[in-house]
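Colleague: I have a protein model open and would like to go through it with you. Could we begin with the surface and then move inward?

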Amino acid sequence: QRYPKYPRVNALKRLQEEILRPELSITTDTAVYPGDTLSLNVTHANLNGFTVHYYKVNLPATSPVLQKPIDDDFYKRYTQRIHSKHIDLARPSDYFQKDTVYKLTTPEEGIYAVQIVPDANSSQKVSQLLTVTRLKLLSRSLAKKEFEAIVVDARSGQPVNDATIHM
């Protein structure tokens with residue numbers, strides 16, 4: 001308020017907004033073994049926390065709907081919320097980004113939509129599908145555009161009998 005006509009005041013305001021802007025970036029696996037923990041690799045700045053929502057997806061794994069982006073209609077039609085957890089973040093005093101890893105327990109086997117909602121702005125929701133499964137597909141290329149595939153237990157590596165692969 002002291003220097004409202006100073007020519008660079010708007011540049012200073014933009015710089016202040018940029019420095020104070022809340023930031024949240026999370027990376028995680030898209031498939032985990034039942035009973036394992038899900039690691040959230042979190043990079044954040046100027047944010048007090050975020051909420052993780054687990055939604056059970058009521059679609060078969062082969063559904064083409066799972067190939068489309070997750071929107072509000074997807075949540076209304078195909079999911080049911082089963083768990084939510086709020087995570088508090090330690091705000092760095094120097095305004096720089098901070099990296100942290102949070103561990104969450106995974107639900108039972110199935111397909112889930114994981115939604116991350118930052119405290120600062122709930123319109124910036126991020127969603128990702130999470131598959132909780134014991135199975136892993138191993139494949140290798142053969143001659144003449146052919147390939148061989150086998151389904152195994154992701155932990156033991158033992159083949160799974162009578163597994164069906166849809167292509």
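Modeller: Certainly. This is a predicted model, and the accessible surface of the protein comes to about 12,100 Å², with 49% of that area belonging to carbon and sulfur atoms.

Colleague: How many of the side chains are positive and how many negative?

Modeller: There are 22 positive and 18 negative side chains, and the centres of these two sets lie 8 Å apart.

Colleague: What share of the residues counts as buried?

Modeller: Of the 167 residues, 28% count as buried.

Colleague: Turning to the fold, how many helices and strands are there?

Modeller: The secondary structure comes to two helices and ten strands. Read from the N terminus, the elements run α-β-β-β-β-α-β-β-β-β-β-β.

Colleague: Is the protein as a whole spread out or compact?

Modeller: The radius of gyration is 22 Å, whereas the globule rule gives 15 Å for 167 residues; the value is well over the rule, so the protein is more spread out than a compact globule. Along the principal axes, the C-alpha atoms fill a box of roughly 75 × 40 × 30 Å.

Colleague: What part of the contacts joins residues 24 or more positions apart?

Modeller: Such pairs account for 62% of the contacts with a separation of 6 or more.

Colleague: Now the interior. Which residues of the largest nonpolar core touch the most other members?

Modeller: They are Leu40, Phe50, Val52 and Leu130, in a core of 16 residues. Strand 3 (37-45), strand 4 (49-57), strand 7 (110-118) and strand 8 (126-132) each supply at least two residues of this core. As a general point, nonpolar side chains in soluble globular proteins tend to be buried together.

Colleague: Which residues is Leu130 in contact with, leaving aside neighbours within four places in sequence?

Modeller: Leu130 is in contact with Asp29, Thr30, Ala31, Val32, Leu38, Tyr54, Gly110, Ile111, Tyr112 and Val114. One of these, Ile111, belongs to a second, separate core of ten residues, which also includes Leu66, Tyr78 and Ala113.

Colleague: Where is Pro60, and what does it touch?

Modeller: Pro60 is in the loop between strand 4 and helix 2 (72-78). Leaving aside neighbours within four places in sequence, Pro60 is in contact with Leu66 and Ile111. Pro60 and Ile111 are 51 residues apart in sequence, yet their C-alpha atoms are 8.4 Å apart in space.

Colleague: And Gln128? Is it buried, partly exposed or exposed?

Modeller: Gln128 is found in strand 8. Its relative accessibility is 26%, so it counts as partly exposed, buried being under 20%. Not counting residues up to four places away in sequence, Gln128 touches Thr28, Asp29, Thr30, Ile70, Tyr112, Ala113 and Val114. Asp88 is 40 residues from Gln128 along the chain, and the two C-alpha atoms are separated by 21 Å.

Colleague: Let us change topic to backbone angles. What is phi of Asn46, and where does Asn46 sit?

Modeller: Phi of Asn46 is near 55°, a positive value in a residue other than glycine. Asn46 is found in the loop between strand 3 and strand 4. With a relative accessible area of 8%, Asn46 is buried.

Colleague: What about Asp162: buried or exposed?

Modeller: Asp162 counts as exposed, at 78% relative accessibility. Asp162 lies in the segment after strand 10, and although it is not a glycine, it has a positive phi of about 60°.

Colleague: Which residues does Ala149 contact, beyond its neighbours within four places in sequence?

Modeller: Ala149 is in contact with Leu137, Leu138, Ser139 and Ile165. Ala149 lies in strand 10 (residues 147-153) and is partly exposed, with a relative accessible area of 33%. Ala149 and Ser127 are 22 residues apart in sequence and 30 Å apart in space, C-alpha to C-alpha.

Colleague: One last residue: where is Glu18 placed?

Modeller: Glu18 is in helix 1 (residues 9-20). Its relative accessible area is 48%, so it is partly exposed; exposed would require over 50%. Between Glu18 and Tyr102 there are 26 Å in space, C-alpha to C-alpha, and the two are 84 residues apart in sequence.

Definitions and conventions
Residues are numbered from 1 along each chain as its sequence is written. This is a predicted model: local features need pLDDT of at least 70, side-chain atom pairs count only at pLDDT 80 or more; totals for chains, interfaces and linings use all residues. Side-chain values use heavy atoms; hydrogens and water are left out. A nonpolar core is a set of buried Ala, Val, Leu, Ile, Met, Phe, Trp, Tyr and Cys residues joined through side-chain atoms within 4.5 Å. Buried means under 20% relative accessible area, exposed over 50%, partly exposed in between (1.4 Å probe, protein chains only). Helices (H or I, at least four residues) and strands (E, at least two) are DSSP runs, numbered from the N terminus. Contact means heavy atoms within 4.5 Å. The radius of gyration is taken over C-alpha atoms; the globule rule is 2.2 Å times the number of residues to the power 0.38. Accessible areas come from the Shrake-Rupley method with a 1.4 Å probe; for residues, only the protein chains shown count as cover. Lys and Arg count as positive and Asp and Glu as negative; His and the chain ends are not counted. The place of a charge is taken as NZ of Lys, CZ of Arg, CG of Asp or CD of Glu.
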